[in-house]
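Please work through the exercises below with the sequence and the coordinates at hand, trying each task before reading its solution.

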Amino acid sequence: MCLFYFLDASNGGYQGHNGNSNDLVPDNPLNTLVPSRWSEPYFDTTLPRNVTALSGKSAYLSCRVINLGNKTVSFVRHRDLHILTVATYTYTSDQRFTATYHRDTNEWTLQIKWAQKRDAGAYECQISTQPVKSYSIDLSIVVPTATILGGPDDLYVDKGSSINLTCLIRFSPEPPNYIFWYHQNEVLSEETRSNIRIHFEQQDNAAISYLLIRRADFTDSGTYKCDPANAEIVSIRVNVLNGERPEAMQTGSSNLANKTNRLFIILIISYIFEYFIPVFHLYSNISYEGSR
């Protein structure tokens, strides 16, 4: 009886199952002998379903299959239902796609080399059961983006004070190969000017470059550019002033305040026309009727 049960569970375990293509069951890390319907392959649902990768780098999509047996694992691109890999074989002319199997963890991983924006979307890890079981994974591709804090409006500083510029490169988990600062298309360097300091800082998902110019002079006015290796160039215009700022050279925040004040006045006038004038006409009509 024991021998019969073992043969039934190991050889007949794939029969008699009526689950759908997305049938998922709890993980069984010990891979122990269980009743026949749990002997079928199933996915470990704890692996990420949303993956973010950096443009130009490799993207990795993984699924873990328990009790695979003699079935195969494939990766399919959802948008065109194109089979990318079957087991560890690649079934596409795009050789950026490769699949690997990690026996110690039962994980199958689809690697997309030099990921591009067009690679974003849904992918499926599929098991060749009847019906097919699938595990969907959504891939997002992000592109490093540079910003000079305080831009793109003009920056105003007084003569003799310091110019502080910060270039933030988002979605940059690794330091860029370089970050150059330019003033009027000339590279800025601590070696060429004693009053310049350039500092770099790497955070979890961002790179930051600081530019400090002490004792600013009128010649320091002009356009400053931040040029990182992994993002587009960004710029800001700096104006070095001597004393009080002219009315015609107010910052963008002042212009915004003026626009806000004008909008407030327009709203008040509109309110007067909508409310007080009809009331005035009403009282005028009442007074007219009373005089009659």
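The exercises that follow concern a predicted model, and each task is followed by a solution in steps.

**Exercise 1. Overall make-up**

Task: Determine how many helices and strands the protein chain has, and what percentage of its residues is buried.

Solution: Begin with the secondary structure, which for the protein chain comes to two helices and 19 strands. Turn next to accessibility, where buried residues make up 35% of the 292 residues in the chain. Finally, consider the contacts with a sequence separation of 6 or more, of which 62% are accounted for by residues 24 or more positions apart.

**Exercise 2. The disulfides**

Task: Find the disulfides in the whole structure, and state for each which cysteines are joined and what handedness the link has.

Solution: A search of the whole structure finds two disulfides.

Step one takes the pair Cys-63 and Cys-125, whose sulfur atoms are 2.0 Å apart. Because Cys-63 lies in strand 3 (residues 59-66) and Cys-125 in strand 9 (residues 121-127), the pair ties together parts that are 62 residues apart in sequence. The angle about the S-S bond is 40°, and the link of Cys-63 and Cys-125 is right-handed. Both Cys-63 and Cys-125 are buried.

Step two takes Cys-167 and Cys-226, which form a disulfide with an S to S distance of 2.0 Å. This pair links distant parts of the chain, with Cys-167 in strand 13 (residues 163-170) and Cys-226 in strand 18 (residues 222-228), 59 residues apart. The angle about the S-S bond is -85° here, and the link of Cys-167 and Cys-226 is left-handed. Both Cys-167 and Cys-226 are buried.

Step three counts the bonded cysteines along the chain, which gives the pattern 1-2, 3-4 for the disulfides.

**Exercise 3. Salt bridges and their surroundings**

Task: Count the salt bridges, and establish whether Lys-133 and Glu-40 are buried or exposed.

Solution: With a cut-off of 4 Å between a side-chain nitrogen of Lys or Arg and a carboxyl oxygen of Asp or Glu, the count comes to eight salt bridges.

Consider first the bridge between Lys-133 and Glu-40, in which the closest N and O atoms are 3.4 Å apart. Lys-133 lies in strand 10 (residues 133-142) and Glu-40 in the loop between helix 1 (2-11) and strand 1 (42-43), so the pair ties together parts that are 93 residues apart in sequence. To classify the two residues, recall that buried means under 20% relative accessible area. Lys-133, with a relative accessible area of 4%, is therefore buried, and Glu-40, with a relative accessible area of 5%, is buried as well.

Next comes the bridge between Asp-119 and Arg-96, whose side chains meet at 2.8 Å, N to O. The pair links distant parts of the chain, since Asp-119 is in the loop between strand 8 (107-112) and strand 9, and Arg-96 in the loop between strand 6 (89-90) and strand 7 (97-102), 23 residues apart. Both Asp-119 and Arg-96 are buried.

To finish, look for linked bridges: Asp-44, Arg-64 and Glu-107 are linked in a network of salt bridges.

**Exercise 4. The largest pocket**

Task: Give the volume of the largest pocket, and describe its lining by residue class.

Solution: The volume of the largest pocket is about 210 Å³. Its lining includes Leu-54, Ser-55, Gly-56, Lys-57, Ser-172 and Glu-174. By class, the lining has five nonpolar, five polar and two charged residues.

Two of the lining residues, Lys-57 and Glu-174, also meet through their side chains in a salt bridge (3.4 Å, N to O). Lys-57 lies in the loop between strand 2 (50-54) and strand 3, and Glu-174 in the loop between strand 13 and strand 14 (179-183), so the pair ties together parts that are 117 residues apart in sequence. Lys-57 is partly exposed, with a relative accessible area of 41%, and Glu-174 is partly exposed, with a value of 44%.

**Exercise 5. The setting of Leu-188**

Task: Locate Leu-188 in the secondary structure, and list residues that Leu-188 touches.

Solution: Leu-188 is found in the loop between strand 15 (186-187) and strand 16 (196-202). At 10% relative accessibility, Leu-188 counts as buried. Leaving aside residues up to four places away in sequence, Leu-188 touches several residues, among them Trp-181, His-183, Ile-196, Leu-211 and Tyr-224. As a last step, compute the distance between the C-alpha atoms of Leu-188 and Lys-225, which are 37 residues apart along the chain and separated by 10.0 Å.

How values were computed: Residues are numbered from 1 along each chain as its sequence is written. This is a predicted model: local features need pLDDT of at least 70, side-chain atom pairs count only at pLDDT 80 or more; totals for chains, interfaces and linings use all residues. Side-chain values use heavy atoms; hydrogens and water are left out. On a 1 Å grid over the protein atoms alone, a cavity is a set of points where a 1.4 Å probe fits but cannot get out, and a pocket is an open set with protein on both sides within 12 Å along at least five of seven lines; lining residues have an atom within 4 Å of a point. Grid points are joined across faces, edges and corners, and a volume is the space filled by probe spheres set on the points. Ala, Val, Leu, Ile, Met, Phe, Trp, Tyr, Cys and Pro count as nonpolar, Asp, Glu, Lys and Arg as charged, and the others, Gly among them, as polar. A disulfide is a pair of cysteine sulfur atoms within 2.5 Å. Helices (H or I, at least four residues) and strands (E, at least two) are DSSP runs, numbered from the N terminus. Buried means under 20% relative accessible area, exposed over 50%, partly exposed in between (1.4 Å probe, protein chains only). Contact means heavy atoms within 4.5 Å.
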